[in-house]
Structure formats: C-alpha cells, structure tokens
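Visitor: Could you take me on a close look at the aromatic rings in this protein? I am new to reading structures, so please go step by step and show me what lies around them.

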Amino acid sequence: MRFSIRTRLTFLYVTLLTVSLLFFGAAFSYSLFKIFMYRVDSQISSVANMMVHTVIRPSGQLFLPQDFDIILERFFGIRTAGNYIQVLDQTGNIVARSSNLENFTLPISRDTYMSAMKGQTTFEVVRSSGRYPVRVVTKPIIIKEKGHVAIVQVGSSLEGMDEIFHSLAYIFTLGIAASVIIASAVGWFLARKALEPVAEITNTARRIGAENLNERIKVSVPDEIGRLASTINEMIERLEKSFKQIKQFTADASHELKTPLTILKGEMEIALRSKDDAYMKEVIASSLEEIDRMSYIVRNLLDLAKMDVEKESAPKDIVELDRVLSERVEILRKLALDRGVRLDILKNKPASVLGDQVRLSQLFFNLIDNALKYTPQGGSVELYLDTEGGMAVFSVTDSGIGISKDDLPYIFDRFYRVDKARSGAAGGAGLGLSICKEIVDSHSGSIEVKSDEGKGSAFTVKLPLAVRV
Ligand SMILES: Nc1ncnc2c1ncn2[C@@H]1O[C@H](COP(=O)(O)OP(=O)(O)OP(=O)(O)O)[C@@H](O)[C@H]1O
Ligand SMILES: [Mg+2]
C-alpha cells in the first residue's frame with residue numbers, strides 16, 4: 001500500500017525526532033552515569049587507600065578497635081562518613097565492620113575474593129543491605145614480608161543515583177512521549193500546509209482541458225512548488241499557443257481551399273448553361289488555373305505537415321549550396337526575364353552543409369521567388385552566398401516594395417500575406433516563408449529579414465557548415 005506524501009513526511013519527521021530524542025536521552029544518561037560512578041569510585045577508593053595504610057601495624061598486626069571508623073575519623077582525620085567499611089582476614093572472615101553497617105555485611109563473591117588474593121582491586125555493584133545497590137571496592141592489604149594480611153572493602157550506597165536515574169527515566173519517557181505526540185500533530189499540520197499548493201495544482205490541472213487552456217495555476221511564492229507551478233503554467237501556455245496555431249491553421253487552410261472551390265463551382269455552373277464554345281474554353285482555362293492554385297496550396301500544406309512529422313528523421317546528406325543555388329537560378333532566370341527584373345549572383349562561394357538537398361533547394365526557390373514576385377519591373381534581385389564563422393550565409397536582396405514594420409513580425413506565419421488581394425492574384429498563399437522557416441529550423445540555422453517599405457528587402461539565411469572529416 002502506498003501512503004500519501006503527507007503521511008510519509010509526518011512519519012519520517014516523527015521517527016527522526018523520536019530516534020534523536022532516544023539517542024540524546026541514552027547518551028545523556030550514560031554520560032551522567034559514568035560521571036557519577038567515577039566520582040563514587042574515586043571517593044571509595046581514596047577511603048580504601050587510607051584504610052590500607054592506617055589499619056595495619058608495622059608488625060603486620062591489624063589495628064581494628066571497636067568503632068574503628070569513628071576513631072579513624074576523629075584521630076586520623078579520615079573521612080569515612082557515609083561509607084560502609086568492612087575488613088576481612090585472608091581467609092575471607094569478617095574481622096571488623098563500620099558501625100553504619102549495623103546488622104548487614106558487604107557480600108564478597110568468590111571471584112572478587114580470588115582477585116583480591118591475586119593482589120587485584122575490584123569494583124562492583126552489590127545488592128544486599130536493603131533496596132538500594134551499593135558500589136563496593138575490594139582491596140587486598142599486602143605486606144612485603146608477610147604477604148596477604150587482610151582485605152578491605154569500602155562501599156557507598158547508590159541510593160541517590162538510583163533515585164536520580166529513576167526520575168530521569170520517568171521524565172525522559174514522559175517527555176519523549178509528549179514530544180512525539182505534539183510533533184505528530186504539528187508535523188501533520190505542517191505537511192498539510194506545505195502540500196496545500198500541490199493540491200491546488202492538482203485541482204487546476206484537472207480542470208484544464210482543450211477548452212479552457214487559458215486557465216493558469218496561482219503562483220503565490222517563488223519556492224520549489226511555486227517554480228513547479230510556473231513551469232506547468234509555461235507548459236500550458238505553450239500548449240495553448242500550439243492549439244491556437246493548429247485551430248488557426250485549420251481555419252486558414254479550409255478557407256484558402258474553399259475560395260477557389262467556390263469560384264470554380266460558380267464559373268462551371270455558368271459555363272454549363274452557356275452555348276458559347278469560346279466562353280466555355282475560357283472558363284475551362286481559368287478553372288485549370290484555380291485547380292493549379294489549389295494543388296499548389298495542397299502541396300505546400302503537405303510539405304509543412306511532412307516537415308512537422310519528419311523533424312528528427314529528415315535525411316542528412318552533404319549538400320553543396322553553391323551548386324544548388326546555380327541550378328535554382330538557371331530555372332528562375334526565365335521568370336525574372338518575364339517580370340523584367342534583373343537577377344544576379346554577386347558571390348557564390350563553395351559552401352557545404354549537412355541536410356536535405358530537396359528542402360534546401362526549395363528554401364532558395366521560395367526566397368528568390370518572393371524577391372522576384374514583390375519587385376516591380378526594372379528592379380533587381382541580388383544573391384550572395386558566402387561563409388563566415390562556421391556558417392554558410394545566403395542572402396537575397398531586392399529593390400522591391402518592401403515590408404512594413406507592422407507586418408515584419410508575422411511574415412513567417414502560415415498563410416500570412418501583407419496584401420491579401422494582390423498576393424492572392426499573384427497566386428501567393430502565404431505559405432512560402434513559413435516553409436522556409438521550417439527548413440531553416442530543421443537544419444539548425446537562422447533566417448532574418450531587413451526591410452524598408454518602398455525600398456526593398458533583404459532575407460539572410462545562416463546554416464552551419466558541414467564539418468569535413
Ligand atoms: N521579398 C519580399 N518583398 C516584399 N514582401 C515580401 C517579400 N517576401 C515576402 N513578402 C511578404 O510576405 C508575405 C509572406 O510571404 P510568403 O512567401 O510566405 O507567401 P506568398 O509569397 O504570399 O505565398 P507563397 O509563397 O505561398 O506562394 C508575402 O505575401 C508578402 O506580402
Ligand atoms: Mg512566397
């Protein structure tokens with residue numbers, strides 16, 4: 001089962017908090033315990049040391065009167081207060097005990113006794129006199145000449161420490177439990193707060209369809225989620241733009257095809273009723289023109305559709321642009337002559353690019369065709385092919401009618417024509433430049449236009465040169 005991010009976040013947060021609190025509690029208690037024990041050990045060990053040096057006579061005899069602890073404290077200044085003291089002979093029998101032990105004895109295990117016999121000092125915690133544990137040090141008294149004389153045991157009740165640790169455990173348990181409960185509630189609330197924008201993004205995204213692509217997600221703060229929302233908004237914007245373009249394109253395409261069809265239908269209906277052969281021929285001739293225009297549009301539309309689909313898989317051959325240009329110009333020379341426009345190649349530097357020859361030839365044709373079409377009689381069109389900074393630079397400069405600043409941004413749009421009436425008569429559909437743009441884009445190049453209305457235009461195409469190996 002998958003839990004929600006909110007549950008997982010809260011769980012993670014609470015788990016981390018619990019683990020850190022437990023770890024902190026354990027480390028704190030352990031350090032405290034260690035410090036406590038160290039102090040107790042050094043205290044009982046110093047009393048045991050003093051005992052060792054005072055309870056033995058130079059002869060090796062033990063000096064242990066009744067109430068020896070009181071005497072030790074009064075006469076020798078040894079502070080035994082609070083410590084249980086017990087002295088055993090070398091066989092392990094108790095020979096003296098401090099008065100505070102009353103009826104109890106400090107137990108000595110076999111291991112401890114054996115260690116003492118080996119001359120080792122042992123620290124241990126024992127439980128015998130009452131409820132509280134006692135920390136006991138067991139130390140042998142050894143005299144060089146006599147060997148083992150006795151064993152001294154000094155104990156200190158751990159009553160205080162035991163209580164402190166019990167209270168500490170209680171406080172920690174309560175504290176950790178309370179923190180975990182509060183943290184769960186706060187974490188749950190915070191996670192909800194943090195994820196609120198995500199819920200909003202989800203709701204908005206769910207609402208958005210092809211019909212309301214103008215809706216946007218509210219971006220309140222520019223944090224990670226804000227950036228996600230902005231990114232989705234940008235994506236919706238791009239979708240909206242593409243949708244609009246597709247709608248516009250479909251509408252324009254149907255309109256462009258419907259107009260010649262209507263004209264055709266009207267003319268043919270009249271021709272059908274006419275008995276005049278000459279008139280009929282005229283109608284057929286003009287119908288053929290319309291059909292040509294329609295097939296021209298359909299061909300261009302197909303080209304555009306194909307380029308949209310083939311973007312990645314278009315052929316990539318070495319194309320010699322200079323040769324393509326010469327061939328194109330040969331074909332277009334007649335058209336230039338008919339129009340009374342001079343067509344010159346000013347420079348044709350050998351330049352090869354990687355790409356699709358048919359498309360590149362179409363690119364040159366469309367640009368030169370435009371220049372010839374929109375240049376009045378007596379004008380000139382100049383072509384120029386050069387290389388510059390790893391790019392092939394091709395430009396078409398005409399002395400034609402030019403394009404106004406208002407129209408310039410749109411001339412690469414599909415079906416866009418500056419003067420619809422005039423270009424229409426000239427057969428233009430407004431697709432040539434959009435095809436050029438597609439071709440340039442698919443060859444990773446760029447196309448730019450500079451134009452002065454009434455003076456002429458210059459189109460410049462830049463394409464990356466093929467790297468020769
Ligand atoms: N060299 C030019 N001089 C002046 N105007 C131009 C030039 N080239 C393009 N235009 C303007 O830009 C418009 C778009 O050009 P485009 O080549 O896309 O379409 P078209 O020439 O009208 O039709 P098509 O190329 O599909 O036959 C043209 O209608 C024309 O108004
Ligand atoms: Mg054109």
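Guide: Let's start with the rings themselves. In this predicted model, a search of the whole structure turns up 7 aromatic pairs. A pair of aromatic rings is described by two things, the distance of the centres and the angle of the planes.

Take Phe-249 and Phe-415 as your example. Their rings are 5.6 Å apart, centre to centre, with 35° between the planes, and the pair is tilted. The word "tilted" fits because planes under 30 degrees apart would count as stacked and planes over 60 as edge-to-face. Now look at where the two partners sit. Phe-249 belongs to helix H5 (residues 224-273), while Phe-415 is in the loop between strand E10 (391-398) and helix H9 (420-425), so this pair ties together parts that are 166 residues apart in sequence.

How covered are the two partners, buried or exposed? Residues under 20% relative accessible area are called buried, those over 50% exposed, and those in between partly exposed. Phe-249 has 22% relative accessibility, so Phe-249 counts as partly exposed. Phe-415 has a relative accessible area of 6%, and therefore Phe-415 is buried.

A second pair to find is Phe-364 with Phe-394. This pair is tilted too, with 4.2 Å from centre to centre and 35° between the planes. Here again distant parts of the chain are linked: Phe-364 lies in helix H8 (residues 357-373) and Phe-394 in strand E10, 30 residues apart. Both Phe-364 and Phe-394 are buried.

Rings can also join up in a group. Phe-24, Phe-28 and Phe-172 are linked by ring pairs into a cluster.

Stay with Phe-415 for a moment, as its backbone has something to show you. Most residues other than glycine have a negative phi. Phe-415, in the loop between E10 and H9, has a positive phi near 70°. Ser-444 is another residue with a positive phi, about 55°, although Ser-444 is not a glycine. You will find Ser-444 in the loop between helix H10 (432-442) and strand E11 (446-452). With 57% relative accessibility, Ser-444 counts as exposed.

Now go back to helix H5, the home of Phe-249, and turn to charged side chains. Side chains of opposite charge can pair when their charged atoms come close. The structure holds 19 salt bridges. One of them joins Lys-244 and Glu-240, with 3.9 Å from N to O. Why is the spacing of this pair worth a look? Lys-244 and Glu-240 are 4 residues apart in helix H5, so about one helical turn separates them. Their surroundings can be compared through the numbers: Lys-244 is exposed at 54% relative accessibility, whereas Glu-240 is buried at 17%. These two also belong to a network of salt bridges that includes Arg-216.

Helix H10, which comes just before the loop of Ser-444, has a salt bridge as well. Lys-437 and Asp-441 meet there, their closest N and O atoms being 3.2 Å apart. Both residues lie in helix H10, 4 residues apart, which is about one turn of the helix. Lys-437 is partly exposed at 32% relative accessibility, and Asp-441 is partly exposed at 42%. For one more example, find Arg-323 and Glu-320, whose side chains meet in a salt bridge of 3.5 Å, N to O.

One more phenylalanine takes us to the surface. Phe-189 is found in helix H4 and is partly exposed, with a relative accessible area of 44%. Together with Tyr-13, Ile-182, Val-186 and Leu-190, Phe-189 forms a nonpolar patch on the surface with about 470 Å² of accessible area. Helix H4 (residues 159-207) gives the largest share of that patch, 4 residues.

Finally, step back to the whole protein. There are 10 helices and 12 strands. The C-alpha atoms fill a box of roughly 160 × 55 × 35 Å along the principal axes. The radius of gyration is 52 Å, where a compact globule of 469 residues would have one near 23 Å. Buried residues make up 37% of the 469 residues. Among contacts with a separation of 6 or more, 64% are between residues 24 or more positions apart.

Notes:
Residues are numbered from 1 along each chain as its sequence is written. Chains are lettered from A and ligands numbered from 1 in the order in which they are written. This is a predicted model: local features need pLDDT of at least 70, side-chain atom pairs count only at pLDDT 80 or more; totals for chains, interfaces and linings use all residues. Side-chain values use heavy atoms; hydrogens and water are left out. Patches are made of residues with over 30% relative accessible area and no salt bridge: like charges are joined within 9 Å, nonpolar side chains (Val, Leu, Ile, Met, Phe, Trp, Tyr) within 5 Å. Accessible areas come from the Shrake-Rupley method with a 1.4 Å probe; for residues, only the protein chains shown count as cover. A salt bridge is a side-chain nitrogen of Lys or Arg within 4 Å of a carboxyl oxygen of Asp or Glu. Helices (H or I, at least four residues) and strands (E, at least two) are DSSP runs, numbered from the N terminus. Buried means under 20% relative accessible area, exposed over 50%, partly exposed in between (1.4 Å probe, protein chains only). The radius of gyration is taken over C-alpha atoms; the globule rule is 2.2 Å times the number of residues to the power 0.38. Contact means heavy atoms within 4.5 Å. Rings of Phe, Tyr and Trp (its six-membered ring) pair if their centres lie within 6.5 Å; planes under 30 degrees apart count as stacked, over 60 as edge-to-face and the rest as tilted.
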